[in-house]
Amino acid sequence: MFTLAEVASLNDIQPTYRILKPWWDVFMDYLAVVMLMVAIFAGTMQLTKDQVVCLPVLQSTVNSKAQPGMSGKADFTTVETTTGQGEDTSTRTVSFESAPTVTPDIPLSRPASDQSQPPESGQELKKEQKDSSGRKTNLDFQQYVFINQMCYHLALPWYSKYFPYLVLIHTIILIVSSNFWFKYPKTCSKIEHFVSILGKCFESPWTTKALSETACEDSEENKQRLTGAQSLPKYVSTSSDEGSPSANTPMITKSGFKFSADKPMIEVPSVTILDKKDGEQAKALFEKVRKFRAHVEDSDLIYKLYVGQTIIKTVKFIFILCYTANFVNTISFEHICNPKVEHLIGYTQFECTHNMAYMLKKLLISYISLICVYGFICLYTLFWLFRIPLKEYSFEKVREESSFSDIPDVKNDFAFLLHMVDQYDQLYSKRFGVFLSEVSENKLREISLNHEWTFEKLRQHVSRNAQDKQELHLFMLSGVPDAVFDLTDLDVLKLELIPEAKIPAKISQMTNLQELHLCHCPAKVEQTAFSFLRDHLRCLHVKFTDVAEIPAWVYLLKNLRELYLIGNLNSENNKMIGLESLRELRHLKILYVKSNLTKIPPNITDVAPHLTKLVILNDGTKLVVLNSLKKMTNVAELELQNCELERIPHAIFSLSNLQELDLKSNSIRTIEEIISFQHLKRLTCLKLWHNKIVNIPSSITHIRNLESLYLSNNKLESLPAAVFSLQKLRCLDVSYNSIALIPAEIGLLQNLQHFYITGNKIDTLPKQLFKCVKLRTLCLGQNCITSIPDKVSQLLQLTHLELKGNCLEYLPATLGQCQLLRKSGLVVEDHLFDTLPSKVKEMLNQDTSIPFANGI
């Protein structure tokens, strides 16, 4: 037994796929149902009423038309027999000369004396005999049943017996052929997915919203409705795309439909504003459509399967028509049967009647008519399949009607399914096209984004950076919320991993904005927005994976002061570093490039005369060609970090205005070329840290204006006296080397303010160190120092003292005389701090605000 739920589930199959059933498939399904009814009706009649009735043909030696010469030898009687139902009669002549062995019970001829009777009496006798007894045979009832059954199989044509079953089999094959593409495993999953997505797209509120807004745009009906409703309160759609590109903007080339806020529309809020649930469902549909398209467009299996089953049905129609037409005339009411069982019944021939012959013939003609109609529809289907390219589908009409100019055309199975849907209702494809449009998807994201990120929420995310500027960082959003541009007091805007970022004209309200960060965010700008950025933006950070991600408008910001490029700029793409050769950046002062350069891009030289700072941070790629540095005569700060340099580049010695040189994290082993720095009169800071330098040449004394020297993380074992001849030196960093001794000449550095010697092998501190009374920072950690001299009290300006990681047993009480030193600036183990007198500890624990200059 079937449950009600199982029966109900079967009833749902047809509505699910009805949108993929064109009119010819539906018509053929109905024809198949009628043919199935014909088969069932014929089979039922055959099972209940189908039979043949047979009578023996009595044998005679002569025909009913006897020849004259034979009249004296035998008597003949003409017997008139009824063949069935009083419709047809046949006259048969029976000869008694060749009578069967078993003689009938009644005489077949009258005596000669009876022939001489008057005609009237003879006619009465015949009538009496016919009415009373008829003609007898020597067969009983069981023999009649036997011969009827035997003649049913021998005399009746096979088509008359199996016609209902053949019709049933053919119809089932046609039905299976029509629905095979719905059940085949490799196609049914795609079809089910397509029908499910199509239904959801058709019913989605976002589809109605997008189509209604684009359809109402510039329509006369809409204008009349707006004109006649001036007195009504107007609702301005919150989905207005104030940041959408204008028609004459060269910065944004992607076109699409416009959601304009300039034309207020009288709409029901539930239509205009998408609630959160509907918005999430619409976003999920966009993702499903994108994945389904990628999955289905790569093959045409569904199309081939449908063509194949149509060809099979056409061949089947031709086959049925050819062989069935030959059997129409074989179905007749009368049949002659020769059972060859004369030894059982005594007769050799029987004349039989088939009571279902008339009905079968009518059913067969009806069936042929149905098959012909079915076949013509199959031929029409084949004509439709090959008349137009069904493996390509164009949304051109939809684009024209709905203003969706970016709906892509589809191909293969995706296109074929849409063609099939068009046979049901073209409105499905039109509404489905909304979810193929990137503009539509972006607009949906924008609406959802604006609902989620309100002005109040954005205000909560504004923070103060190290430069005490108001900063907003937006990370991994679908776009830039409109409310961002209402933060008019914002100084720094960071956009990270926002692939569809658009900067609208509203950014002109942000008069304080001077710094913009684009991290993997190829933002598009409107013409008005670009004009504002060009005139007001001073600092721009661009982080990218490929150089093509750098927006083209970046190179047109003529008032830009600082440009930071972080990404892949290998040798093949070096020529693309400036799409306009950076020549428009006439006010650029700082250029920061973090990449994998093998040479300084020639395009940088276009702005070389204006640059004051150039920073190149490589990822370990060796920087070979440096000749273009000679053109950067105004560069004051130069950083070449992690460039695998083995020596100081000679091109640097031509930079007469150079003030700071940073060659951090290279492979420099010797710095004998340092003598050439004597030509760089303005050089005050030299950073050679994180290299492989073994010793410092005495020629360093020629850099007389040097104020900062960084040699940490090298392989130095000693400090030459030449270093201490640099009287202007204020910062000396030799930490993390192998230095075992601090020379007494350190006392000559009377201007020294910061001394770093952490991570060496120092065991004693010279008394001359404490003659550097201007020391503010003294880092002696991670050495082998056993004691701190009491003369540390001479460092009255000391604010930071690092002693952690040594072999100290106590701290001198004279630390209390360092008036600016506090516990926060004393880096030492806790147990050593406890050795200090209580008064000293109290003084160090004081929370006095101390001005401290950490820079040089």
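This report walks through one sheet, one helix, the annotated spans and two residues of a predicted model.

**The sheet**

Three strands make up an open sheet. Their order is E1-E5-E4, and the pairing is antiparallel. Strand E1 covers residues 52-56 and strand E4 covers residues 334-337. Both stand at the edges, and each has a single partner strand, so one side of each lacks a neighbour in the sheet. From one strand to the next, the twist averages 25°.

Strand E5 spans residues 350-354. Five bridges join E5 to E1, and the two run antiparallel. One bridge can be picked out by its residues: Pro 56 has Phe 350 in E5 as its partner. Helix H6, residues 141-154, packs on this sheet. H6 touches E1, E4 and E5. The direction of H6 makes about 115° with that of E1.

**Helix H17**

Does the length of helix H17 fit its residue count, and what should 13 residues span at 1.5 Å a residue? H17 runs over residues 412-424 and should span 18 Å. Its end C-alpha atoms are 19 Å apart, which agrees.

H17 is mostly covered, with 11 of its 13 residues buried. The buried residues include Phe 414, Phe 416, Leu 417, Leu 418, Met 420 and Val 421. Asp 413, His 419 and Asp 422 are also among them.

**Annotated spans**

An unreviewed UniProt entry lists residues 27-47, 162-182 and 364-386 under "transmembrane region". In the model, residues 27-47 are 100% helix and 0% strand. Residues 162-182 are likewise 100% helix and 0% strand. The end C-alpha atoms lie 30 Å apart in residues 27-47, and 31 Å apart in residues 162-182.

**Two residues with positive phi**

Asn 412 has a positive phi although it is not a glycine. His 690 also has a positive value, and it too is a residue other than glycine. The table sets out their phi values and surroundings.

| Residue | Phi | Location | Relative accessibility |
|---|---|---|---|
| Asn 412 | about 55° | helix H17 | 18% |
| His 690 | near 60° | loop between strand E20 (685-687) and strand E21 (708-710) | 31% |

Buried means under 20% relative accessible area. Asn 412, at 18%, therefore counts as buried. His 690, at 31%, counts as partly exposed. Asn 412 belongs to helix H17, whereas His 690 sits in a loop between two strands, E20 and E21.

Notes
Residues are numbered from 1 along each chain as its sequence is written. This is a predicted model: local features need pLDDT of at least 70, side-chain atom pairs count only at pLDDT 80 or more; totals for chains, interfaces and linings use all residues. Side-chain values use heavy atoms; hydrogens and water are left out. Two strands pair if DSSP finds at least two bridges between them. Helices (H or I, at least four residues) and strands (E, at least two) are DSSP runs, numbered from the N terminus. Axes are lines fitted to C-alpha atoms, for helices over the stretch in contact, and angles run from 0 to 180 degrees between N-to-C directions. Contact means heavy atoms within 4.5 Å. The expected span of a helix is 1.5 Å times one less than its number of residues. Buried means under 20% relative accessible area, exposed over 50%, partly exposed in between (1.4 Å probe, protein chains only). UniProt positions are given in the numbering used here, feature names are shortened, and annotations may be inferred rather than shown by experiment.
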